[in-house]
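These are my notebook entries on a single protein model. I set down what I looked up, entry by entry.

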Amino acid sequence: PFYKLDCSSLQFAEVNGNWTPQEKALHEARLKAKAKRRVRKSSSRSESLSESLSGELADGDSYSSKGKVPVPNDRKSRTGKGRGLPKKGGAGGKGVWGAAGMVYEVEEPDAKDPNYDEVAQGDTVYATVVPEVDERELEKTVNPIVREYFEHGDTKEVQMLLKELNLGHHKYEFSSLAVSLSLEGKASHRELTSRLLRDLVGKVLSDSDMARAFDKILKELPDLMLDTPEAPQMLGQFIARAIADHALPMAFLDRYKGKVDCDHARAALDRAAVLLSMKREMVRLDNVWGVGGGLRPVKHLVKEMNFLLKEYLVSGEVKEAERCLRDLEVPHFHHELVYEAVVMVLESKGDTAVKMCKLLQAFWKIGLITVDQMNRGFQRVYDELPEINLDVPHAHSIMESFTDLCYQESVITKQLRDSCPSRGRKRFVSEGDGGLIKN
């Protein structure tokens, strides 16, 4: 049996000399352990003392070889044998790829690698991958391109931008978005959109993409009419122009015959069919959107303005003349209308001057013709008055009376009226009259 012993009992047993074998063995084991602790402690003290003494003898100083007080738990060598260089020449450590200037050899594929594919091994090809445009971001990406195109009118730039984008299977939606934006814009925007669709087919879009785009627009017609009530008629003109420009196949209208339930879509398709039947002899419906925009030739714009003024002289409708002038969409060229109106006054008779003054006054009051455009138009007539006088002998007197009338109606400024050139009406009589001046 085992007994619990304490120091007092062992000392008492030792004094009396009554030792049991177990007590005697336990006492000897404790003495041996105590002796070992004493030896270990004394040996460590002697070693530190010898090292400090050797350092003092070598350097004559109580400090270490590096001149610093030893720090406990310091990993650096206290004997001064280290050179202070980084481990592995600076090529080791976390996040280090190797020493500077090291060139690695081409690593051969490991056949034991689980991702190793014997068939796929070969030359590495690097290519730029453009991610496909998300459907939710498509409208935000396309709208700025189309609106910028309405400003510069360069279809090649649009082609370049579309080739840089990866529209994927949503490529057809570019055409539908462009047409929808032009429906909310002006006639010149619709003309530019028709040209863009014509130039994109065969280069960026295919015939099937264009047909798919118009299919989508036909389905969205009820929503488009909320902002543009004339959307069915305009869409019919778009379809007719696209077919005439070979951007849509001729079979596009045939596949809808008898299969359209929406009244608005049927109206758009009927409009396209009527235009194509009327203009069958024309290769393209170039005038389907009118003659608006500064991209039209100057001669064509001058011809349209002449026709506008002649129609006004016959009908006397100021509102119709205003609508025609706005449809031309050339506010920077309105001085041509002023010039043509004044020349017509000089070359015609009757009440033409009164009608033209009324027209210019109406355009001036609503701000359709600005001060600069009005002044430029009159100044052009002033500059060409000597040449006009060859065909119209009384051009100077007619011009003076017309400028006075326009000034009275607040069409032109006093400065512009005073700058009108006038030919003197006084002349010298014959020599026999004594050099008198006759009126």
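Entry 1: Val343. Before listing neighbours I fixed the term: I count two residues as in contact when they have heavy atoms within 4.5 Å. On that basis, and not counting residues up to four places away in sequence, I found that Val343 touches Val381 and Ile388. I note here that the model is a predicted one. I then looked up the place of Val343, which is in helix α14, residues 334–347. Its relative accessible area is 12%, and Val343 is therefore buried, the limit being under 20%. For the pair Val343 and Val381 I also took the C-alpha to C-alpha separation, which is 7.3 Å in space, against 38 residues in sequence.

Entry 2: the whole protein. I next recorded the overall figures. The protein has 18 helices and two strands. Of its 439 residues, 33% count as buried. I obtained an accessible surface of about 30,000 Å², and 53% of that surface belongs to carbon and sulfur atoms. Turning to contacts between residues at least 6 apart in sequence, I found that 66% join residues at least 24 apart.

Entry 3: helix α5. I asked how many residues of α5 are buried. The count is 11 of its 11 residues, and I describe α5 as mostly covered. The buried residues run from Glu173 and Phe174 through Ser175, Ser176, Leu177, Ala178, Val179, Ser180, Leu181 and Ser182 to Leu183. I then looked for what they pack against, and the partners are α3 (135–152), α4 (155–164), α6 (187–200), α7 (207–219), α8 (221–227) and α9 (231–244). I singled out Ser180, which lies in this helix, residues 173–183. Ser180 has a relative accessible area of 13% and is buried.

Entry 4: Thr193. From Ser180 I moved to Thr193, 13 residues apart from it along the chain; their C-alpha atoms are separated by 10.0 Å. Thr193 lies in helix α6. Is Thr193 buried or exposed? At 1% relative accessibility, Thr193 counts as buried. Leaving aside neighbours within four places in sequence, I listed its contacts as Tyr149, Phe150, Ala178, Val179, Ser182 and Phe238. Among these contacts, Ala178, Val179 and Ser182 also appear in my list of buried residues of α5.

Entry 5: helices α12 and α13. I recall that two packed helices are described by the angle between their axes and the distance between the axes. For α12 (residues 298–315) and α13 (residues 318–328), the axes come within 9 Å and cross at roughly 170 degrees. Angles over 145 degrees count as roughly antiparallel, and α12 and α13 are therefore roughly antiparallel to each other. I then read off the residues that meet. From α12 they are Leu301, Glu304, Met305, Leu308, Glu311 and Tyr312, and from α13 they are Val318, Glu320, Ala321, Cys324, Leu325 and Leu328. I sorted the residues of this contact by kind and obtained nine nonpolar, no polar and three charged.

Entry 6: salt bridges. How many salt bridges does the structure hold? I recorded 14. I looked up several of them.

In α13, Arg323 and Asp327 lie four residues apart, about one turn of the helix. Their side chains meet in a salt bridge, at 2.9 Å from N to O. Arg323 counts as partly exposed at 42% relative accessibility, and Asp327 is partly exposed with a relative accessible area of 38%.

Asp199 forms a salt bridge with Arg198, with the closest N and O atoms 3.2 Å apart. I checked the cover of both partners: Asp199 is buried, at a relative accessible area of 19%, whereas Arg198 counts as partly exposed at 23%.

The side chains of Arg417 and Asp418 meet in a salt bridge at 3.2 Å, N to O. Arg417 counts as partly exposed at 24% relative accessibility, and Asp418 counts as partly exposed at 45%. I closed the entry with a network: salt bridges that share partners join Glu191, Arg195, Arg241 and Asp245 into one.

Conventions: Residues numbered from 1 in each chain as written. Predicted model: local features only at pLDDT ≥ 70, side-chain atom pairs only at ≥ 80, totals over all residues. Heavy atoms only, no water. Axes fitted to C-alpha atoms, helices over the stretch in contact; angles between N-to-C directions. Parallel < 35°, antiparallel > 145°, perpendicular 65-115°, else oblique. Nonpolar A, V, L, I, M, F, W, Y, C, P; charged D, E, K, R; others polar. Salt bridge = Lys/Arg side-chain N within 4 Å of Asp/Glu carboxyl O. Buried < 20%, exposed > 50% of the residue type's maximum accessible area, 1.4 Å probe, protein only. Areas by Shrake-Rupley, 256 points an atom, 1.4 Å probe, with all protein chains shown as cover.
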